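Dear colleague,

I am passing on the structure that follows, together with my notes on what was found in it. Please read the notes with the model open beside them.

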Amino acid sequence: MVEPVVRIPDAKVALSTASVYPESTATAFEIAARLGYDGVEVMVWTDPVSQDIEALRRLSDYHQIPILAVHAPCLLITQRVWSTDPWVKLQRARAAAEKLDASTVVVHPPFRWQRGYARDFVQGIWRMAEETDVRFAVENMYPWRYRDREMLAYAPDWDVTKDDYRHFTIDLSHTATARTDALEMVDRMGDRLGHVHLADGRGSAKDEHLVPGRGTQPCAALLERLATSGFDGHVVIEVNTRRAMSSAEREADLAEALAFTRLHLASSVKVPRS
């Protein structure tokens with residue numbers, strides 16, 4: 001006789017420090033610890049604490065919450081963070097991950113105007129990945145849209161599955177903005193899917209990063225697939241809480257996101273009853 005049991009996969013659920021903006025990196029550690037997240041992903045950006053390895057280590061030790069991933073400073077607003085040379089940024093991100101015992105560096109594909117960087121990006125990521133145990137997980141992006149116009153802002157491509165990388169990050173807010181099928185993209189990533197940015201979206205031209213369950217993306221279906229597929233990466237809540245009217249409302253959104261993720265990561269399996 002068999003009966004269903006609930007199995008919880010090994011995947012850890014982390015909070016991106018970007019999810020508390022406009023509050024600080026330090027606040028993200030405090031909230032993650034209070035709500036029971038398994039760790040944090042540090043978005044390296046203009047907050048000086050996010051760029052300071054020793055400050056991050058102190059926050060991790062004080063709140064007893066590990067740093068599971070480092071998001072390299074790839075955004076438009078971080079073009080001067082950790083150098084203007086994109087390869088130096090990645091070298092520093094790798095060094096930070098190694099010193100902080102983080103397993104993953106998240107990186108975006110280059111902007112098209114970064115021609116030299118874009119030309120060498122695929123081979124360069126492979127070279128860097130071979131020099132460390134840290135995963136370089138390249139994240140899917142999306143076309144930029146304005147009214148009826150579409151601009152391809154990323155090279156070699158916003159759809160990172162068109163190129164050969166050892167590890168990928170899937171971001172479900174980005175699949176919404178790109179208006180692409182998230183589960184089909186996950187299928188193309190296969191066992192190279194190493195990291196998840198969990199958020200939702202409705203297909204707007206803007207990258208929405210909604211709390212999971214508030215948009216049209218298959219957030220629940222993806223988590224349920226991860227639960228049964230042997231996924232050994234991290235699931236990171238990366239949502240936009242800028243419109244929260246108070247710190248309490250922001251924290252409630254992040255608690256809801258965590259509850260949603262844990263619920264759907266728990267898979268029901270049938271095992272023989274002894």
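**Salt bridges and what they join**

Arginine 202 is exposed, since its relative accessible area is 54% (buried means under 20% relative accessible area, exposed over 50%, and partly exposed in between, with a 1.4 Å probe and protein chains only). Before going further, please keep in mind that this is a predicted model, in which local features need pLDDT of at least 70 and side-chain atom pairs count only at pLDDT 80 or more, while totals for chains, interfaces and linings use all residues. Residues are numbered from 1 along each chain as its sequence is written, and side-chain values use heavy atoms, with hydrogens and water left out.

The side chain of arginine 202 meets that of glutamate 208 in a salt bridge, at 3.8 Å from N to O (a salt bridge being a side-chain nitrogen of Lys or Arg within 4 Å of a carboxyl oxygen of Asp or Glu). Glutamate 208, unlike its exposed partner, is buried, with a relative accessible area of 18%. The structure holds 15 salt bridges, and two others deserve a description here.

In one of them, glutamate 23 pairs with arginine 250, and the closest N and O atoms are 2.7 Å apart. Because glutamate 23 lies in the loop between strand 2 and helix 1 while arginine 250 belongs to helix 8, this pair ties together parts that are 227 residues apart in sequence (helices, H or I of at least four residues, and strands, E of at least two, are DSSP runs numbered from the N terminus). Glutamate 23 counts as partly exposed at 22% relative accessibility, whereas arginine 250, at 5%, counts as buried.

In the other, the side chains of arginine 214 and aspartate 253 meet at 3.0 Å, N to O. This pair also links distant parts of the chain, with arginine 214 in the loop between strand 10 and helix 7 (219-229) and aspartate 253 in helix 8, 39 residues apart. Arginine 214 is partly exposed at 35% relative accessibility, and aspartate 253 is buried at 13%. Apart from these pairs, a network of salt bridges links Glu30, Arg34 and Glu251.

**The barrel**

How are the eight strands of the closed barrel ordered? They run 2-3-4-5-6-9-10-11, with parallel pairing (two strands pair if DSSP finds at least two bridges between them). From one strand to the next the twist averages 30 degrees. Helix 8 (residues 247-265) packs on the sheet, where it touches strand 2 (12-16), strand 10 and strand 11 (234-237), contact meaning heavy atoms within 4.5 Å. The direction of helix 8 makes about 155 degrees with that of strand 2, where axes are lines fitted to C-alpha atoms, for helices over the stretch in contact, and angles run from 0 to 180 degrees between N-to-C directions.

Strand 2 is largely enclosed by the rest of the structure, because four of its five residues are buried. Strand 2 pairs in the parallel sense with strand 11 over four bridges, and there leucine 15 has isoleucine 237 as its bridge partner. With strand 3, strand 2 pairs over three bridges, again in the parallel sense, and serine 16 stands opposite glutamate 41 of strand 3. The chain passes from strand 2 through helix 1 to strand 3 in a right-handed β-α-β crossover, that is, with the strands pointing away from the viewer, the path from the first strand over the helix to the second runs clockwise.

Elsewhere in the barrel, strand 9 (residues 167-171) and strand 10 (residues 193-198) run parallel and are joined by four bridges, and phenylalanine 168 has leucine 193 of strand 10 as its bridge partner.

**Helix 1 and the core**

In helix 1 (residues 25-35), the buried residues are Thr25, Thr27, Ala28, Phe29, Ile31 and Ala32. They are covered by elements including strand 2, strand 3 (39-43), helix 2 (53-63), strand 4 (67-71) and helix 8. Glycine 36, which follows helix 1, has a positive phi near 95 degrees.

The largest nonpolar core has 75 residues, of which Tyr37, Leu90, Ile170, Val196 and Leu226 touch the most other members (such a core is a set of buried Ala, Val, Leu, Ile, Met, Phe, Trp, Tyr and Cys residues joined through side-chain atoms within 4.5 Å). Valine 196, leaving aside neighbours within four places in sequence, is in contact with Ile170, Leu222, Leu226, Phe231, His234, Val235 and Val236.

With best regards
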